[in-house]
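Hi,

Here is the structure I promised to send over. Have a look at it first, and then read on for what turned up when I went through it.

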Amino acid sequence: MSIKETLSAAAGKCECGKTHELPHITVESGKGAFDTLMSHIDSFGAIHPYILSDINTEAVAGKKVKEMLEKSGKAYTSCLFECDKPVPDEKSVGYAIMNYTPECDIIISVGSGVMNDIGKIAANVTGKPYILVATAPSMDGFASITSSVELNGLKTSLPSTAPNVVIGDTDILKTAPDIMLKAGLGDMLAKYISNLEWNISRFVTGEYYCEKVASLVKTALKICTDNAEALLNRDDVAIKAVFEGLVVSGISMNIAGCSRPASGLEHYFSHIWDMRALCFGTAESLHGINCAIGTREAYNRYLKLLTFTPDREKAQAYARNFNLDSWNEKLRGFIGPGAEPMIEAEKKDGKYNSVNHAKRLENIITNWDEIISIIKKELPDEESFNSIYSLAGIPERPEEIGIDKSDIPMTFLCTKDVRNKYILSSLTWDLGIIEDFEQ
């Protein structure tokens, strides 16, 4: 089944109350997909592309893009990030915008994560058509309408513009390093947790939820996990399957109008590690690898939650004795300047407000059986879950990527403050048992 056919299953009027419209994104995938680039450029009537790349993606596909343009007689403006790992922050975005010239009439990013995030922002700012030439199946943001960037020290998702065209040529994608292939699969494993938490949140906070979109993501996840073993063998079918699964996952966020289908607690482990790396120089890894490890951390804690029964008095006492000022100081000490936007957001969100807590606690207790049922239904069995990590050789423990094991308890405590999104750390705080889940 093609991507278009898969996505069409979620289109139209839905039982969730919304009418889902498919984004106008053309996806070219498989062997020879790169050869479609020029026809897409011409379809927009473009005569002067603006090309974004870094030194790695330039070598893999950037030069091929420029050779194709030169052969066709088209002029272009190049913005080359002359570093091994560009950081997606204000400086990088500014560099891309400042190098943009008025004659440019289409933006082409050559890369995957960072280059795509920057390209989507540039397209949003300039209003020009945008094409992504992917170089690695390493994350699920190919077709999303947000960019993951560091702003004022805080990892955040900025509204941007999805590509008009996404090109994933397997001959290019399969040249990616093993770690990037593992990262793509790791980003997909996160969907076990994100959809579970999205489902739980509707019973606790009344948040919008769509089973049809959730099913779309689960289909994409299965495509990826079914090809886990063949992925590292650089099998064309497996590379194409994982790439398309990642694209479908990203588009599902566009359809839902939120990031819920694709990110939850596991992503916030990654965000906090990124912020600490930025501030304190601690270890960092690829986003998808972080998410894979965060997924393992979340999985183990959800299994533990299955053994708990809500205690209303304990939950009320914990919330009553919680000292927000003291907690904010701990947050600042652990995350650095990135904590400030989180602290300011809480003034508006009010998740620690006693009235809000009381409402959520009542909903938790009333719907506890449903919550437990969701966890049991959504989590894969341990043998299947473990085998995915084993088959693809994906890191499972924080210390494998240089994260100090002693930092994990505080990381978990901080996750509830990253966004106003209801996740496991939010639930365990509401129940007054969050400290039982630090490890």
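**Strand 7 and its neighbours**

In strand 7, the side chains of Tyr 130, Leu 132 and Ala 134 point one way, those of Ile 131 and Val 133 point the other way, and all of them are buried. That split fits the usual pattern, since side chains in a regular strand alternate between the two faces of the sheet. Keep in mind throughout that this is a predicted model. With five of its five residues buried, strand 7 is largely enclosed by the rest of the structure. Strand 7 pairs with strand 6 in the parallel sense, over five bridges, and Ile 107 is the residue that stands opposite Tyr 130.

**The whole sheet**

Zooming out, six strands make up an open sheet with parallel pairing, in the order 3-10-7-6-4-5. Which strands stand at the edges? They are strand 3 (26–30) and strand 5 (77–81); each has a single partner strand, so one side of each is left without a neighbour in the sheet. From one strand to the next, the twist averages 15°.

Strand 4 is worth a look too. Six of its six residues are buried, so it is mostly covered. Pro 49, Ile 51 and Ser 53 point to one side, while Tyr 50, Leu 52 and Asp 54 point the other way. Strand 4 (residues 49–54) has parallel pairings with two strands: four bridges join it to strand 6 (residues 106–111), and five join it to strand 5. If you want pairs to click on, Pro 49 has Ile 106 as its bridge partner in strand 6, and Tyr 50 has Thr 77 in strand 5.

Two helices to find against these strands: helix 4 (residues 90–99) lies across strand 4 and strand 5, at about 160° to strand 5. Helix 11 (residues 236–256) packs on the sheet as well, where it touches strand 3, strand 7 (130–134) and strand 10 (165–169). The direction of helix 11 makes about 160° with that of strand 3.

**Nonpolar cores**

The largest nonpolar core has 116 residues. Leu 52, Phe 142, Tyr 302, Leu 305, Ile 335 and Ile 375 have the most contacts inside it. Helix 11 gives the most to this core, with nine residues. As an example of the packing, take Leu 305: leaving aside neighbours within four places in sequence, its contacts include Trp 368, Ile 372, Ile 375, Leu 424, Leu 427 and Phe 437. Apart from the largest core lies another, of 19 residues, with Ala 33, Val 133, Val 165 and Ile 172 among them.

**Cavity and pocket**

How many cavities of 30 Å³ or more are there? The count comes to one, and the largest cavity has a volume of about 30 Å³. Its lining is made by Glu 197, Ile 200, Tyr 302, Tyr 422, Ile 423, Leu 424 and Leu 427. Helix 8 (191–204) and helix 21 (424–430) are the elements that give two or more residues to that lining.

As for pockets, the second largest holds about 320 Å³ of space. It is lined by 21 residues, and those nearest its centre are Thr 205, Lys 351, Arg 360, Asn 420 and Tyr 422. Helix 8, helix 17 (354–366) and helix 21 each supply at least two lining residues, and helix 17 gives the most, with four.

**Two loop residues**

Cys 258 is in the loop between helix 11 and helix 12 (265–280). Is Cys 258 buried or partly exposed? Its relative accessibility is 25%, so it counts as partly exposed. Not counting residues up to four places away in sequence, Cys 258 touches Trp 198 and Met 253. Cys 258 and Gly 333 are 75 residues apart in sequence, and their C-alpha atoms are 30 Å apart in space.

Arg 234 sits in the loop between helix 10 (228–231) and helix 11. Its phi is near 60°, a positive value in a residue other than glycine. Most residues other than glycine have a negative phi. Arg 234 counts as partly exposed, because its relative accessibility is 25%.

Cheers

Notes:
Residues are numbered from 1 along each chain as its sequence is written. This is a predicted model: local features need pLDDT of at least 70, side-chain atom pairs count only at pLDDT 80 or more; totals for chains, interfaces and linings use all residues. Side-chain values use heavy atoms; hydrogens and water are left out. Two strands pair if DSSP finds at least two bridges between them. Axes are lines fitted to C-alpha atoms, for helices over the stretch in contact, and angles run from 0 to 180 degrees between N-to-C directions. Contact means heavy atoms within 4.5 Å. A nonpolar core is a set of buried Ala, Val, Leu, Ile, Met, Phe, Trp, Tyr and Cys residues joined through side-chain atoms within 4.5 Å. Buried means under 20% relative accessible area, exposed over 50%, partly exposed in between (1.4 Å probe, protein chains only). On a 1 Å grid over the protein atoms alone, a cavity is a set of points where a 1.4 Å probe fits but cannot get out, and a pocket is an open set with protein on both sides within 12 Å along at least five of seven lines; lining residues have an atom within 4 Å of a point. Grid points are joined across faces, edges and corners, and a volume is the space filled by probe spheres set on the points.
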